Amino acid sequence: MSENTFKIEVGGFTATASIIVKDLVIDLVLFVPGTTDPVNLESKLHQAYNKTYFAKDEKNKFLPAKEDPNFLEDFRILRDEEFPDMHIEDQWFSWTGDNDPKARVNAGKALMDKILDWFPGNRNKTTWIHLVGHSHGGNVINEFTKAIAENNDFHDKWKVKSVTYLSTPFFNKMHQVDESRFHEDCKIINVYNEYDLTQRVIADYSVNDLSAYVASIFENRLYKSGSKEFEALFKEKEKTKSQKDFEKYIEEDLGVNLINTRQEELEQLFKKLQNKDINYNDRLLLWESTLSIFNGLSYFLRLFKEETAKAPKTATNVQNLLLLLTDINVWVNKVKKDLKEGITFIKDDQVKEKGWWTRNITDNVPYRWTYNFAQDLNLSTEIIGWLNTLMEIKTGPKDSYLFKVFEELLLAEKHGVIKVIDDTSNDPEFQFSKFKGSIISENITDLDKYSTRNKFNDFNVFISMLEDAVKKGNPSGNEQKNIKEILFILVSQLDSKDSFKAAHKVLRNMNIAFALLSGPLVKWYLDIDNELKELEKNLKVYKKTIAKYNCHLIANEDLVSDDFGLMEKPGSLGYFAQVSHSLSHMLMTNEVKNELKESFGSRRI
């Protein structure tokens, strides 16, 4: 404000008057997008682009309807109806969107540089900056506040007048706010959703740049060769009438279903299948297709082994996995060799018009094509033994071999996925000093459509258990020694109530199938049977542990619905991590709107 003094003379009298003129204020609103590449697979320079980021997600029926205003559109309406001189920057700012601390720091500095470049005419004008950031966009804003505090070129008449955090995860150590360029009446608004899994837990973990690594995988000759095998296999080919008839026989007449078929039906099914005389084209198609699968599998196994070998020698469980992969690769190569021999025999049999059933026959073995096929696949106890090694578990997460491998791959030094661990909160108050106690918190949990499922108590059990596991493994705030339990809690929410029942049925029917395929090889069958029993024992421990952690977050009506996939249903991890996290930038509540209106200083209609 400025004060002007005037002298007025009337009829010989002189009077002095002062008029206080309010300075013209320019309101500048900046929208900052959040992370768009949470696992850093692409690392594009302008992936988080505010023009597209704050647009509507019209594909998801659980977010506000298409005709409803969203946060950005509400701002535009507010400007058009009440604050015509307000400038909204929602078109030009972008950053990588990577889940990486360095990327967020660089984005904050870039935002400052852009403002100085875009608005040079405002240098000597009173400008109030209003910052709106969703998710890690809020942490980009915090880095922006540090950048302007350290930059002498940032204009003295420019002040931060409001900061609106939308579902921002506030770090314990990283990305701390700097209040030195804030207006004395600055408003701090924090919008959060208690169902937001990203803000509450997932954001604790920043990851390494995986884009170059992923690109190298796609360029790897082993990946390309393996992909070519599978592409050729699934490419639609012209089928003979005989092949179509055989497919119809398998699908309709036999009705193969390993989960729901009863034992007596399965036995009858195999008898029919064994006695079905399939012709030359059908036999050749079966052997050649299976060879393509094993060719592709061989390439991918070698690739996986090649990449896994980069893990440090201290990752003992990964090193053991490498030994297992070596054994599996030996088996795959043996199967490939035998399948090639089988193809040669079938073609030779066609030319010489011999009975093809005579291959691999001994005096006491039935003349069955199923047995020939089983022989070429080299079915042995080792295969189930390898599966048992992978699925080994004695009591719970701590001794699960599979989860030990995951832990080592996530945390491995240099080659691990996770780069930085820093505990996060959905409340920014601990970061502020001047404005501590005056932060406006807006809880939008009731606006999340998951609230209509009446599962809040179940969710609280889940999130409390998960956050306790995170704190237990991260006492210093920058490490994680409890990854296995955290992963187990998350994976347990993926289990539907019938999945283990189905797994046990598959195991039972696999047992019957092996018995029928084996013919008179009783010892071989008994060995397989013992391995299957060991596998069932491991599955029972998994079932018990998962039942302990599973919180039944998905309501029954959503569980049986086919409208969305399991990771998109309300109550799924995908829903909490994406839909619940996105809700804050899809709507503006009246409370937030009124607080923001009070913070604006430009001309009002």
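A salt bridge is a side-chain nitrogen of Lys or Arg within 4 Å of a carboxyl oxygen of Asp or Glu. The structure holds 19 of these salt bridges. Side chains of opposite charge can pair when their charged atoms come close. This is a predicted model, in which local features need pLDDT of at least 70 and side-chain atom pairs count only at pLDDT 80 or more, while totals for chains, interfaces and linings use all residues. Residues are numbered from 1 along each chain as its sequence is written, and side-chain values use heavy atoms, with hydrogens and water left out.

**Figure 1. Salt bridge between lysine 187 and glutamate 595.** The closest N and O atoms of the pair are 2.9 Å apart. The two residues lie in distant parts of the chain, 408 residues apart: lysine 187 is in strand β10 (residues 182-192) and glutamate 595 is in helix α21 (residues 590-599). Helices (H or I, at least four residues) and strands (E, at least two) are DSSP runs, numbered from the N terminus. Relative accessible area sorts residues into buried (under 20%), exposed (over 50%) and partly exposed (in between), using a 1.4 Å probe and protein chains only. Lysine 187 has a value of 16% and is buried, whereas glutamate 595 has 22% and is partly exposed.

**Figure 2. Salt bridge between glutamate 392 and lysine 394.** The N to O distance between these side chains is 3.0 Å. Glutamate 392 is partly exposed, at 34% relative accessible area. Lysine 394 is exposed, at 57%.

**Figure 3. Salt bridge between lysine 455 and aspartate 458.** Here the side chains meet at 2.9 Å, N to O. Lysine 455 counts as buried, with 15% relative accessibility, and aspartate 458 counts as partly exposed, with 28%. Elsewhere, Lys187, Glu595 and Glu598 are joined into one network by salt bridges that share partners.

**Figure 4. Surroundings of glutamate 143 in helix α4 (residues 137-150).** Is glutamate 143 buried or exposed? At 7% relative accessibility, glutamate 143 counts as buried. Its side chain makes a polar contact with the side chain of histidine 175, at 2.8 Å. A polar contact is a pair of N or O atoms within 3.5 Å; within protein, one must be able to donate a hydrogen and the other to accept it, and residues adjacent in sequence count only if both atoms are side-chain atoms. Leaving aside residues up to four places away in sequence, glutamate 143 touches Arg104, Val105, Gly108 and His175. Contact here means heavy atoms within 4.5 Å.

**Figure 5. Packing of helices α3 (residues 101-118) and α4.** Two packed helices are described by the angle between their axes and the distance between the axes. For α3 and α4 the angle is about 60° and the axes are 7 Å apart. Axes are lines fitted to C-alpha atoms, for helices over the stretch in contact, and angles run from 0 to 180 degrees between N-to-C directions. Angles under 35 degrees count as roughly parallel, over 145 as roughly antiparallel, 65 to 115 as roughly perpendicular and the rest as oblique. The helices α3 and α4 are therefore oblique to each other. Their crossing is right-handed; a crossing is right-handed if the near helix is turned clockwise from the far one by less than a right angle, and left-handed if anticlockwise. Residues of α3 at this meeting include Arg104, Val105 and Gly108, and those of α4 include Glu143, Phe144 and Ala147.

**Figure 6. Crossing of helices α2 (residues 71-81) and α21.** The two axes come within 12 Å and cross at roughly 45°. That makes α2 oblique to α21. The crossing is right-handed. Phe71, Asp74, Phe75 and Leu78 in α2 meet Val592, Lys593, Leu596 and Lys597 in α21.

**Figure 7. Phenylalanine 430 in the loop between β13 (424-425) and β14 (440-443).** Phenylalanine 430 is partly exposed, at 38% relative accessibility. Its C-alpha atom is separated by 8.5 Å from that of asparagine 172, although the two are 258 residues apart along the chain. Beyond residues up to four places away in sequence, phenylalanine 430 touches Phe170, Phe171, Asn172, Gln176, Ser425 and Lys436.

**Figure 8. Serine 400 in the loop between α13 (381-391) and α14 (401-411).** Serine 400 is buried, with a relative accessible area of 0%. Which side chain makes a polar contact with the side chain of serine 400? The partner is tyrosine 542, at 2.9 Å. Residues touched by serine 400, not counting those up to four places away in sequence, are Glu392, Ile393, Phe488 and Tyr542.
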